[in-house]
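Biologist: Could you walk me through some side-chain contacts and helices here, and tell me what earns each label?

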Amino acid sequence: MAKSGHQQPDGPAAQRGFWRELRRRKVPRIAGAYLAGAFAVLQAGDILFDVLVLPRAVFRAVAALLILGFPATLVLAWMFDITPDGVRRARAPAGAARPPRGYFATLLAFGLAIALLGVWAFLRPGTRDRTTAPTAAIAAGPSIAVLPFEDFSPARDQEYFSDGLTEELLNVLAQVPGLRVAARTSSFAFKGKRIDAREIGRRLDVGTVLEGSVRKAGNTLRITAQLINVEDGFHLWSQHYDRELTDIFAIQDEIAGAIADALLPRLGAALADGPAGDRTPAAAARAAVPRLAGTASIEAHDAYLLGLYHWNRRSLADLRRAVELFEEALRLDPDYARAHAGIALALSVMPFLDVDASTEALTRGKAAGLRALELDPQLPEAYAALGQIATYLEHDWAAADRYYRRARELNPNYATAHQWYAELQALRGRLGEALQAAQIARELDPLSPVVNHVLGAVHLFRREFDDAERAYRRTLELDPTYFTANVMLWRIHIAQRRYDAALDALAATPFPGIAELMARAQAGIRGTGTRESALDAVRAIERLDTGFPMLAYVPYLLLGDVGAAFRSLEEAYRANNPQVTYFWLDPLFDDLREDPVYVSLVRRLGLEEALRPPVM
């Protein structure tokens with residue numbers, strides 16, 4: 001018997017009719033346009049949210065809304081047509097077969113599946129690894145890495161001089177507007193290694209590499225330099241210079257200008273809008289040389305370069321030696337501004353290695369930094385050192401902010417200034433700004449253990465534990481002896497109550513017996529040991545004088561002895577231990593913000609921000 005009414009076709013004919021109807025209602029076209037638009041919005045938003053320092057949670061919420069809008073768009077496209085008379089309910093043409101309802105359900109299920117997949121991809125923890133995401137303002141534009149010049153002197157005793165010349169050229173090129181210069185730590189990571197320039201360019205994300213050598217015999221110098229395009233490994237420029245040592249500053253001038261000239265064709269307009277005004281890149285580079293030299297005394301400059309060599313090694317003994325050499329440079333030229341700045345820099349970081357010398361070192365460092373700026377108000381190193389001192393000696397966060405901002409303005413390639421600014425913003429609870437600055441520092445200095453350490457700390461303070469752990473693992477890859485990373489990994493694991501992993505991290509530190517003592521403390525915390533034994537272990541850890549107050553206050557807090565935890569912090573505060581300022585960002589203090597002792601301590605530190613939740 002024949003069926004009456006609208007007959008529903010089956011099989012291939014039904015499928016063809018359904019797809020024809022999809023095209024007629026413009027569903028594929030609308031879906032494609034929506035996906036393209038959503039992708040463009042997400043790409044632009046990923047940059048803008050970092051630039052505006054908005055919380056990543058807001059970005060993820062926007063992404064989720066865009067993704068969930070996809071199935072709704074498919075449904076609306078199917079159900080409605082846009083006509084000259086307005087929006088009308090879509091209907092099949094007269095006489096056409098109506099698509100089976102099952103096909104519409106398939107369309108809706110497809111849209112929902114795509115949306116759910118997108119939501120999962122954007123919202124699952126750790127998807128967007130902020131430790132490796134590029135910062136657009138830094139990643140774009142022309143770039144160069146200055147590799148350590150090799151010492152070819154007959155006695156091979158001029159390493160400090162060749163290193164110093166490298167650093168001088170690096171600083172000169174950093175003055176070229178629009179040119180991104182890889183930081184010293186990352187460039188010097190390749191010292192003494194035979195690695196292809198193209199591989200170095202890939203690791204440092206730069207387009208050109210400068211390498212060279214120095215041969216010094218008596219008062220005679222031979223300097224060879226060559227500029228390499230990392231894309232194809234070809235030389236863009238090479239030159240050698242035979243000079244008397246008396247005109248070392250003229251050689252720096254000549255090399256810097258020649259490099260800028262060689263780069264000019266590929267830099268183009270990128271260098272035209274910088275602070276140098278209408279000067280050419282070569283002129284900007286040459287203009288920087290007299291200010292960077294800062295002395296007419298070859299002997300003072302030589303002492304300064306040797307001091308710089310020890311400053312960059314950063315052990316306590318090297319820092320003390322650096323101060324002695326900078327002082328020697330000042331005996332030869334009392335108005336040598338960069339030597340004053342060198343003293344300020346060395347003394348500004350000394351308290352992290354020698355807590356007992358904290359107040360004296362920072363006070364001397366402040367005087368040296370201020371004198372440097374009297375002689376040369378354009379020295380970014382002096383501003384950065386004064387920012388450190390304002391942070392850890394005076395707890396004057398506003399002054400530190402001004403100093404760091406000025407250092408970054410004067411030299412946007414100064415990775416240390418970005419790193420220290422990130423630390424300051426973290427202390428102030430401005431964790432969005434801290435993350436942005438730490439990412440910029442890492443872009444400029446990707447192979448620096450210290451920079452990766454600071455990035456990990458910011459992630460920890462933001463409670464982004466997976467990202468923090470990745471940053472600290474990267475720190476240990478770069479320098480397996482950087483035991484501070486092990487202490488911070490312990491802190492991450494403790495915050496997540498991963499006690500066994502925490503003990504494994506502490507076992508790699510150089511403090512004798514600390515893992516065993518902490519094991520006893522953690523046994524008391526977990527209820528598998530006695531409380532008194534645990535407290536005795538924590539007191540023993542305090543007597544080790546490790547310089548890390550959290551190794552005592554954290555187990556005290558976990559044992560419920562809040563008073564002992566605050567006493568440990570008070571002792572660190574009285575010793576002016578720079579580590580103490582970060583205590584309030586520890587997740588373990590989230591429930592103690594109204595405790596009177598907590599309030600008293602953060603106010604004495606000037607940390608009014610600690611009375612409010614951090615800004616993510």
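What follows is a chat about salt bridges, ring pairs and helices.

Modeller: Before we start, keep in mind that this is a predicted model.

Biologist: Fine. What makes R331 and E328 a salt bridge?

Modeller: Their side chains come to 2.8 Å, N to O, and the cut-off is 4 Å between a Lys or Arg nitrogen and an Asp or Glu carboxyl oxygen, so the pair qualifies. The structure holds 34 salt bridges.

Biologist: How do you know that R331 and E328 are about one helical turn apart?

Modeller: Both sit in helix α12, residues 316-332, and they are three residues apart there.

Biologist: And why is R331 called exposed, while E328 is called partly exposed?

Modeller: R331 has 59% relative accessibility, and exposed means over 50%, so the label fits. E328 has 30%. Partly exposed covers what lies between 20% and 50%, so that label fits as well.

Biologist: What about R371 and D335: what makes them a salt bridge?

Modeller: The N to O distance is 3.2 Å, and the limit is 4 Å, so they count.

Biologist: Why say that the pair of R371 and D335 ties parts together?

Modeller: Because R371 lies in helix α14 (residues 358-375) and D335 in the loop between α12 and α13, and these parts are 36 residues apart in sequence. R371 is partly exposed at 28%, and D335 is partly exposed at 45%.

Biologist: How do you know that R405 and D401 meet in a salt bridge?

Modeller: Their N to O distance is 2.5 Å, and the rule asks for within 4 Å, so yes, they do. They're four residues apart in helix α16 (residues 397-410), about one helical turn.

Biologist: Is D401 buried or exposed?

Modeller: Buried: D401 has 8% relative accessibility, and buried means under 20%, so there's no doubt about the label. R405 is partly exposed at 38%. The two also belong to a network of salt bridges with R428 and E433.

Biologist: On to the rings. Why is the pair of Y304 and F326 called tilted?

Modeller: There are 13 aromatic pairs by the rule used here. In this one the ring centres are 5.5 Å apart and the planes are at 40 degrees. Centres within 6.5 Å make a pair; under 30 degrees would be stacked and over 60 edge-to-face, so what remains is tilted.

Biologist: Where do Y304 and F326 sit?

Modeller: Y304 is in helix α11 (residues 298-311) and F326 in helix α12, 22 residues apart, so the pair links distant parts of the chain. Y304 is buried at 4%, and F326 is buried at 1%.

Biologist: What makes F483 and F511 edge-to-face?

Modeller: Their planes are at 80 degrees, with the centres 5.4 Å apart. Edge-to-face takes over 60 degrees, so the name applies. F483 lies in helix α21 (residues 483-495) and F511 in the loop between α22 and α23, so the pair ties together parts that are 28 residues apart in sequence. F483 is partly exposed at 27%, whereas F511 is buried at 16%.

Biologist: Which rings form a cluster?

Modeller: Y553, F566, F583, F589 and Y598, linked by ring pairs.

Biologist: How do you know that R314 lies over the face of W311?

Modeller: R314 is 3.7 Å from the ring centre. The rule wants the charge within 6 Å of the centre and within 35 degrees of the ring normal. Likewise, the charged end of R408 sits over the ring of Y421, 4.0 Å from its centre.

Biologist: Now helices. Why is α6 called largely enclosed?

Modeller: Because 15 of its 16 residues are buried. Helix α6 (residues 159-174) reaches 22 Å from first C-alpha to last, close to the 22 Å expected.

Biologist: And what does α23 pack against?

Modeller: Its buried residues pack against α21, α22, α24 and α25. Among those buried residues are I514, L517, M518 and I525. α23 has 13 residues and reaches 18 Å, close to the 18 Å expected at 1.5 Å a residue.

Biologist: What follows α23?

Modeller: G527, whose phi is positive, near 85 degrees.

Note on methods: Residues are numbered from 1 along each chain as its sequence is written. This is a predicted model: local features need pLDDT of at least 70, side-chain atom pairs count only at pLDDT 80 or more; totals for chains, interfaces and linings use all residues. Side-chain values use heavy atoms; hydrogens and water are left out. Helices (H or I, at least four residues) and strands (E, at least two) are DSSP runs, numbered from the N terminus. Buried means under 20% relative accessible area, exposed over 50%, partly exposed in between (1.4 Å probe, protein chains only). Rings of Phe, Tyr and Trp (its six-membered ring) pair if their centres lie within 6.5 Å; planes under 30 degrees apart count as stacked, over 60 as edge-to-face and the rest as tilted. The expected span of a helix is 1.5 Å times one less than its number of residues. Contact means heavy atoms within 4.5 Å.
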